[in-house]
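Subject: Handover of a structure and notes on its contacts

Dear colleague,

Please find below the structure that I am handing over to you. My notes on what was found in it follow directly after.

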Amino acid sequence: MQYFKHSDLADQYHVSLKTVHNWIVGAKDQKINLQLHEAKSGTYVANTSENNRVLETLAEKGKKYRNQVHHKIIVPSSEFYKIYNDRQILDIINNLNTYREVPRQYNYLGEGADNWDKWLQKLEKETAPNLLMGTVELLRNNMSSIDRLIEKDTRVNVIDLGVGNALPAKELLDHLLVKSVLHRYIAIDISERMLSIAEENVKNWFKGKVRFEKYVRDFTHQRFDDLLIDDMLDKQAEKTINIVLLFGATPNNFRSFTSSFSVAYGSMSKDDLLIYTAKLDTEASRRYFDFSSDPNQSIRPGLSSLAPSHKYILDLMNVSDDLYTVESGFDEKKFMRYIRIRLRTSITLEFQNGRISRKVNLEKGDTLLMLRYWHQSAQEIVSIFEGIGFIMLHSNITNDRQFILSISGVESKPTQAN
């Protein structure tokens, strides 16, 4: 007979192990109608449809009568409602309720963009390998391959998805500018503040020589081909190529790794290129996290507190540090590195603003995912891209085999006969 582990029940119904033990005791005393399974290692709740129905009732009853002394009602700050619009707030609520997850991308809005900018500035000064400098190194070492793929074209548009502070793209822009082929630099980001930081940087670096355009969009579901219509209808359309950049392994943070690539694929034409950089799956990358913007803080295994770029939304929602503990690790089953928080007490988040009136109930012991990073090998990345419809034109990894750069084109598909 199949049965539940005690920890599985605790996780599934958001209760403590003590509560699970009490359910089993109650079933033994015939006070609770649960079918049990006896094994050498102990007594367990059988995995049956009737037991699942009873367990759901017990869990709901426990929530209704929980000890109010240890339950906190939390109201997000007024700043929270200034930074996020109604759609974003509803998305945050849905992610908390449905997935027990804080959407990573919303940590980049408002002052969260400055946190990210400080972190990238820290990486730029480091001597140890990191994703920013791995990207810069790979671009520098593969400029000739990029030139080979665009040699017949006279105009290049660079579309930077999730632009950040534009630092990863700096040398590529300079290279194309020197070759007199750079036409437009189109920056797309969910954060208006992040776009402003990138704009200021580009202005300072290139003194007005780079045509910078910024658009607030969520590139996981919003296409960008509409921004290229004028170029597609221009007399030089045949001599124009679009290079789409996806740096910083941003897609690795999303619940669906392929979502942003599929949107990019739908926005690209047959001669366009996609340049992607990421950190490869290695033993070191499974163990270490370094998201502090403090230049004196070294890389270390494990975490005791959240970096500013991860706790930004929590702070805006008034979920203080004392309400949770931080956990980090590598999930062997999902092949995913993660950072999450585990609540020390049960809380209710009350969202009240204009037409929005929602509550999110979270129990003591519940976990909220703050960061995921899908781990892939170079071969897996190639396979995923080909599954979407891209064709790999060039790829390269750093000498330490930690970081990869790939250049892909849109594969031409033959037209099927009627």
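Which residues of helix 10 are buried? In this predicted model, they are Met194, Leu195, Ile197, Ala198, Asn201, Val202 and Phe206. Around the axis they cover an arc of only 160°, which puts them on the same side of helix 10. As general background, an α-helix has 3.6 residues a turn, so residues three or four places apart point the same way. The length of helix 10 also agrees with expectation: at 1.5 Å a residue, its 15 residues should span 21 Å, and the end C-alpha atoms are 21 Å apart.

Salt bridges

The count of salt bridges comes to 25. One of them involves helix 10, where the side chains of Arg193 and Asp114 meet with N and O at 2.8 Å. This pair links distant parts of the chain, since Arg193 belongs to helix 10 (residues 192-206) and Asp114 to helix 6 (residues 112-125), 79 residues apart. Arg193 counts as partly exposed because its relative accessibility is 37%. Asp114, at 22% relative accessibility, is likewise counted as partly exposed.

A further salt bridge joins Arg155 to Asp234, with the closest N and O atoms 3.7 Å apart. Arg155 lies in strand 5 (residues 155-161) and Asp234 in the loop between helix 11 and strand 8, so the pair ties together parts that are 79 residues apart in sequence. Is each partner buried or partly exposed? Arg155 counts as buried, at 11% relative accessibility, whereas Asp234 counts as partly exposed, at 33%.

Arg342 and Glu327 also meet through their side chains in a salt bridge, at 2.7 Å from N to O. Here strand 13 (residues 336-343) holds Arg342 and strand 12 (residues 324-331) holds Glu327, so the pair ties together parts that are 15 residues apart in sequence. Arg342 is partly exposed, its relative accessible area being 25%. Elsewhere, salt bridges that share partners join Arg155, Arg184, Arg211, Glu213, Asp231 and Asp234 into one network.

Aromatic rings

The count of aromatic pairs comes to 19. Why is the pair of Tyr185 and Phe212 edge-to-face? The ring centres are 5.6 Å apart and the planes stand at 65°, so the pair falls in that class, for which the angle must be over 60 degrees. Tyr185 lies in strand 6 (residues 182-189) and Phe212 in strand 7 (residues 212-216), so that the pair links distant parts of the chain, 27 residues apart. Both Tyr185 and Phe212 are buried.

Phe219 and Phe254 form another edge-to-face pair, with 6.2 Å from centre to centre and 65° between the planes. This pair, too, links distant parts of the chain, 35 residues apart. Phe219 is in the loop between strand 7 and helix 11 (229-233), while Phe254 is in the loop between strand 8 (240-246) and helix 12 (259-267). Phe219 counts as buried at 7% relative accessibility, and Phe254 counts as buried at 11%.

There is also a cluster, in which ring pairs link Phe257, Phe261, Tyr265, Tyr276, Phe385 and Phe390.

Two arginines have their charged ends over tyrosine rings. That of Arg255 sits over the ring of Tyr99, 3.6 Å from the ring centre. That of Arg337 sits over the ring of Tyr373, 5.0 Å from the ring centre.

Asn85

Where is Asn85 found? Its place is the loop between helix 4 (78-83) and helix 5 (86-99). With a relative accessibility of 41%, Asn85 counts as partly exposed. A polar atom of the Asn85 side chain lies 3.2 Å from the backbone nitrogen of Arg87. For the backbone nitrogen of Gln88, the distance to a polar atom of the Asn85 side chain is 2.8 Å. Between Asn85 and Asn22 there are 44 Å in space, C-alpha to C-alpha, and the two are 63 residues apart in sequence.

With kind regards

Definitions and conventions: Residues numbered from 1 in each chain as written. Predicted model: local features only at pLDDT ≥ 70, side-chain atom pairs only at ≥ 80, totals over all residues. Heavy atoms only, no water. Phe/Tyr/Trp six-rings, centres within 6.5 Å; stacked < 30°, edge-to-face > 60°. Helix = DSSP H or I, 4+ residues; strand = E, 2+ residues; numbered from the N terminus. Buried < 20%, exposed > 50% of the residue type's maximum accessible area, 1.4 Å probe, protein only. Lys NZ or Arg CZ within 6 Å of the ring centre and 35° of its normal. Salt bridge = Lys/Arg side-chain N within 4 Å of Asp/Glu carboxyl O. Polar contact = N/O pair within 3.5 Å; in protein donor to acceptor, adjacent residues only side chain to side chain. Expected span 1.5 Å × (residues − 1). Arc of directions from axis to C-beta.
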